[in-house]
Amino acid sequence: MSEPAQCPFHARALPGDGTPLSPSPRLAQWRAQAAFMPLDFQDGHEGLVATRYEAAIDVLQDPRFSMRPARMPVGPNAADDPAAAETSAVPLEAPGELDDAGQQSEEFNLLTLDGEEHAKLRRAVTARFSLRQARMRQPWIHEMVVAQIEALRASGPVVDIWRDYAQPIAARTHCHVIGVPEARYERFVELFVGVSTAQQKYDFIRGLIEERRTDPGEDVITDLLHDTDLSRVEIEGLLRLLLGAGRDSVAYLIATATVALLINPDQLSALRADPERVTGAVEEFMRTGAMFVTLFARTAREDVVIDGVPIAAGTSVAVSPVSANRDPAQWGDRPDDVDVSRDAFGHLGFGQGIHGCIGQQVARVEIREGIGALITAFPDLELIEAEQLSPMPFAHPVAVYEAGAVIVRLGGATTAV
Ligand code: HEM
């Protein structure tokens, strides 16, 4: 039976010298060394990080790991980057966050719950995020994306794809699916994309609930109001989680996929020549542009052996999608290449298992429509600069790469989408 690899300097922090499209070489070294490596966690205790694909899947699918207590591994920039620590734009709400309305959002954060407690809340929202629902939303998303393309044309020739294109696509779809009416879109952006207090967020949520009660729609809020298993507090808590979750991640992926294509012109040409390939290419963008350096840490409830490695009860284990998504044992001998013809299904960009991403089907449609329309509309699209080509601090408290400005020149020729 093998042991988790021991480092001569003992546990270590996540390396901060990588970028989303070019992760730190240290992750590859760790992966070559062992399936589980020692890792320093935020509160100073030591745990493990799963670096290889098989080990990562095995942890995510194993009910002997609990989401609580959830502890965050942190990269090297944590201590010296107070600005990052205050960011409001974490992709999912941080477990354990005690908000200033005096309510603990942890209570409704699916990523801090196990077993039936988790299943009950998750069941309440999964139907609205199904594959069928995502397909039904596609025409609406397409029309909205076309409007964003027109807005880009009007504001060009130089634009920021992150701010001017990816963010509005993600925020508008989020509102549409959850049930925030158009008249409240600007306020939603102010509160949930910008910085606001928990009290302001809850006031907004209560307003939405009253509105949907008298004017029901095909959306998450209406579903929650019809769910007789849920209390009012649970509905408000779930909405607080959902309104904050995922939107930033979708925008991040659209921006990162744009950069990936513009620095890999052969791949861009392949997609332009065969737009049908965009659907599969989304999986490759998710694999090579995964934003989660580590997922929310799991804790072993009992002594377990995973892939021959003993893990003692109480050990925190973080899974690294960025590392697992580039494991040559799973993805072949050129795992770092972006190859839009690759079958990348099975990547860990959306996690896996019972906590796998709820919003993944609608996210796929948004990324597909967003990228497809952009590369079709602007055949001369050209990258000027992208912040995410340089190392930057991880967002906190979860170890995720942050999106940054993606400045492009739209070019002269434009095509209808
Ligand atoms: C490209 C976009 C997205 C990415 C990369 C992403 C990524 C992830 C990942 C990796 C997890 C699992 C975390 C873990 O196991 O520790 C997750 C869970 C989750 N995601 Fe997403 N997400 C995206 C979009 C969305 C959207 C649009 C929503 C909609 C509200 C959403 C809602 C959630 C929720 C509620 C969970 C928790 C599920 C549970 O614990 O049962 N995500 N996401």
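Reader: In which loop is Thr315 found?
Author: Thr315 belongs to the loop between strand 7 (309-311) and strand 8 (316-319). Strands here are DSSP runs of E with at least two residues, helices are runs of H or I with at least four, and both are numbered from the N terminus. This is a predicted model: local features need pLDDT of at least 70 and side-chain atom pairs count only at pLDDT 80 or more, while totals for chains, interfaces and linings use all residues. Residues are numbered from 1 along each chain as its sequence is written, and side-chain values use heavy atoms, with hydrogens and water left out.

Reader: Why is Thr315 called buried?
Author: Its relative accessible area is 16%. Buried means under 20% (exposed is over 50%, partly exposed in between, with a 1.4 Å probe and protein chains only), so Thr315 qualifies.

Reader: Which residues does Thr315 touch?
Author: Leaving out residues up to four places away in sequence, Thr315 touches Gly47, Leu48, Arg298, Thr299 and Ala300; contact means heavy atoms within 4.5 Å.

Reader: What makes Met392 count as buried?
Author: The same test applies: Met392 has 15% relative accessibility, so it counts as buried. Met392 lies in the loop between strand 9 (382-386) and strand 10 (406-409). From Met392 to Gly404, 12 residues along the sequence, the C-alpha distance is 9.2 Å.

Reader: How do you know that strand 9 and strand 10 pair?
Author: There are 4 bridges between strand 9 and strand 10, and pairing needs DSSP to find at least two, so the condition is met. The two strands run antiparallel. One bridge matches Glu385 with Ile407 in strand 10.

Reader: What makes strand 4 and strand 9 edge strands?
Author: The order of this open sheet of 3 strands is 4-10-9, with antiparallel pairing. Strand 4 (158-160) and strand 9 each have a single partner strand, so one side of each has no neighbour in the sheet. From one strand to the next, the twist averages 25° (axes are lines fitted to C-alpha atoms, for helices over the stretch in contact, and angles between N-to-C directions run from 0 to 180 degrees).

Reader: Which helices pack on the sheet?
Author: Helix 6 (residues 161-178) touches strand 4 and strand 10, and its direction makes about 55° with that of strand 4. Helix 11 (residues 247-262) touches strand 9 and strand 10, at about 120° to the direction of strand 9.

Reader: Why is Cys357 called a donor of the iron atom of the ligand?
Author: The SG atom of Cys357 is at 2.3 Å from the iron. Donors are N, O and S atoms within 2.8 Å of the metal (3.2 Å for Na, K and Ca), so this sulfur counts. Cys357 is the only protein donor of that iron, though water is not among the atoms and sites may look incomplete. The loop holding Cys357 runs between helix 15 (328-331) and helix 16 (360-377).

Reader: What makes the Arg122 pair with the ligand a polar contact?
Author: A polar side-chain atom of Arg122 lies 2.7 Å from an oxygen atom of the ligand. The cut-off for a pair of N or O atoms is 3.5 Å, so the pair passes. For a backbone N or O atom of Phe296 the distance to a ligand oxygen is 3.2 Å.

Reader: Which element gives the most to the shell around the ligand?
Author: Helix 11 does, with 3 residues.

Terms used
A polar contact is a pair of N or O atoms within 3.5 Å; within protein, one must be able to donate a hydrogen and the other to accept it, and residues adjacent in sequence count only if both atoms are side-chain atoms.
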